[in-house]
Amino acid sequence: MDHDIRTLTARLLAQRWLPRNDRLVRRALVDESFRLELDRRLAEVGMQLLDNPYAAHVGVALQPDMAEPVFGAGREYAASNLGLGRDEIALLVVIWSLIVLPKRERQVTRREVVDDGQADMFGGDKPVAHGDSVSGSLSEASLLADFGPRLGGKTKMGIALGKLSRLGFIERRNGVIGEGPLLDVALDYRVMADRIIHGTLGEVLAAAGHTLPQANAADAAADEENEGDEGNA
């Protein structure tokens, strides 16, 4: 086990993220003793595993109490420890909202992109899906048309998209933006969803013609689980 732990720890630290279907990642997700040892070794260097069952990847991040000693309290850190400016962070949140929010709703209701709007009476029996079947994409041209004036225009947005791509938040192919390995791992759905859906950004997105879920999909999933437990009682 020691060799596998060392290998996985080193790969996570070197690569920052790994797919959930990786052999050693799968072991960490199902083998409790293996996971505990992985967590211990990461903690020794101030890191933690980022594991979201709805995300196709896992990643690593600093433990909360290490952010200050590592990054300090400079102005750059106050905005982002990845060197992102305000407009770039705003663009990241917009992209997250347009890709991850509807994706999570599909995952919770066990629908796929091609099935949007159609109910599946057997959906609850399906495993959580990942990848292109549930994660939609955005046109760069449409994104620029809808949000360019608010986010610095074409040149600034182009630079920002390049930076988000290099950091692993998005993937760009022929003018189309897709989900990158960190988009659904590094940003906390439970913290952000309600703030966006019921906040000012939700209104901005709706005004631009983007339909968002009406409710937090995580809450809906919890309600369904509670109803199922009551029915089995």
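The points below concern side-chain packing, charged pairs and backbone outliers in a predicted model.

1. Aromatic pair. Searching the whole structure gives 1 aromatic pair. Its members are Trp96 and Tyr189, whose ring centres are 5.9 Å apart and whose planes meet at 45°, so the pair is classed as tilted. The angle decides the class, because planes under 30 degrees apart would count as stacked and planes over 60 as edge-to-face. Trp96 belongs to helix α6 (residues 86–109) and Tyr189 to helix α10 (residues 189–197); the pair thus links distant parts of the chain, 93 residues apart. Both Trp96 and Tyr189 are buried.

2. A charge over the ring of Tyr189. Besides pairing with Trp96, Tyr189 has the charged end of Arg104 over its ring, 4.7 Å from the ring centre.

3. The largest nonpolar core. This core holds 35 residues, and those that touch the most other members are Leu91, Ile95, Trp96, Leu143 and Phe169. Trp96 therefore appears both here and in the aromatic pair. At least two residues of the core come from each of α6, α7 (140–147), α8 (153–167) and α10. Helix α6 gives the largest share, 11 residues. In soluble globular proteins, nonpolar side chains tend to be buried together.

4. Surroundings of Phe169. What does Phe169 contact once neighbours within four places in sequence are left aside? The partners are Leu82, Leu92, Leu164, Glu179, Gly180, Leu182, Leu183, Ala186 and Leu187. A reader inspecting the largest core can take Phe169 as one of the residues with the most contacts to other members.

5. The second core. Separate from the 35-residue core, there is a second one of 14 residues. Phe34, Leu38, Leu42 and Leu49 are among its members.

6. Arg106. This residue lies in helix α6. Is Arg106 buried or exposed? Its relative accessible area is 9%, so Arg106 counts as buried, the limit being under 20%. A polar atom of the Arg106 side chain lies 2.7 Å from the backbone oxygen of Val134.

7. Salt bridge Arg23–Asp4. The model has 17 salt bridges in total. In one of them, between Arg23 and Asp4, the closest N and O atoms are 3.9 Å apart. That distance is accepted because the limit is within 4 Å. Arg23 is in helix α2 (residues 23–30) and Asp4 in helix α1 (residues 2–15), so the bridge ties together parts 19 residues apart in sequence. Arg23 is exposed, at 52% relative accessible area, whereas Asp4 is buried, at 16%.

8. Salt bridge Arg35–Asp51. Here the closest N and O atoms are 3.6 Å apart. Arg35 sits in helix α3 (residues 32–44), and Asp51 in the loop between β2 (47–50) and β3 (57–62); the pair links distant parts of the chain, 16 residues apart. Both ends are partly exposed: Arg35 has a relative accessible area of 22% and Asp51 one of 32%.

9. Salt bridge Glu88–Lys163. The N to O distance between these side chains is 3.3 Å. Glu88 is in helix α6 and Lys163 in helix α8, so this pair ties together parts that are 75 residues apart in sequence. Glu88 is buried, with 13% relative accessibility, while Lys163 is partly exposed, with a relative accessible area of 22%. The two helices named here also each supply at least two residues of the largest nonpolar core.

10. A salt-bridge network. Which residues are linked in a network of salt bridges? They are Asp2, Glu37, Arg40, Arg41 and Glu44.

11. Positive phi at Arg16. Arg16 is not a glycine, yet its phi is positive, about 75°. The residue lies in the loop between α1 and β1 (17–19). Arg16 is partly exposed, with a relative accessible area of 32%.

12. Positive phi at Asn174. Asn174, also a residue other than glycine, has a positive phi near 50°. Where does Asn174 lie? It is in the loop between β5 (170–173) and β6 (176–179). Its relative accessible area of 85% is over the 50% limit, so Asn174 counts as exposed.

Terms used: Residues numbered from 1 in each chain as written. Predicted model: local features only at pLDDT ≥ 70, side-chain atom pairs only at ≥ 80, totals over all residues. Heavy atoms only, no water. Phe/Tyr/Trp six-rings, centres within 6.5 Å; stacked < 30°, edge-to-face > 60°. Helix = DSSP H or I, 4+ residues; strand = E, 2+ residues; numbered from the N terminus. Buried < 20%, exposed > 50% of the residue type's maximum accessible area, 1.4 Å probe, protein only. Lys NZ or Arg CZ within 6 Å of the ring centre and 35° of its normal. Core = buried A, V, L, I, M, F, W, Y, C linked by side-chain atoms within 4.5 Å. Contact = heavy atoms within 4.5 Å. Polar contact = N/O pair within 3.5 Å; in protein donor to acceptor, adjacent residues only side chain to side chain.
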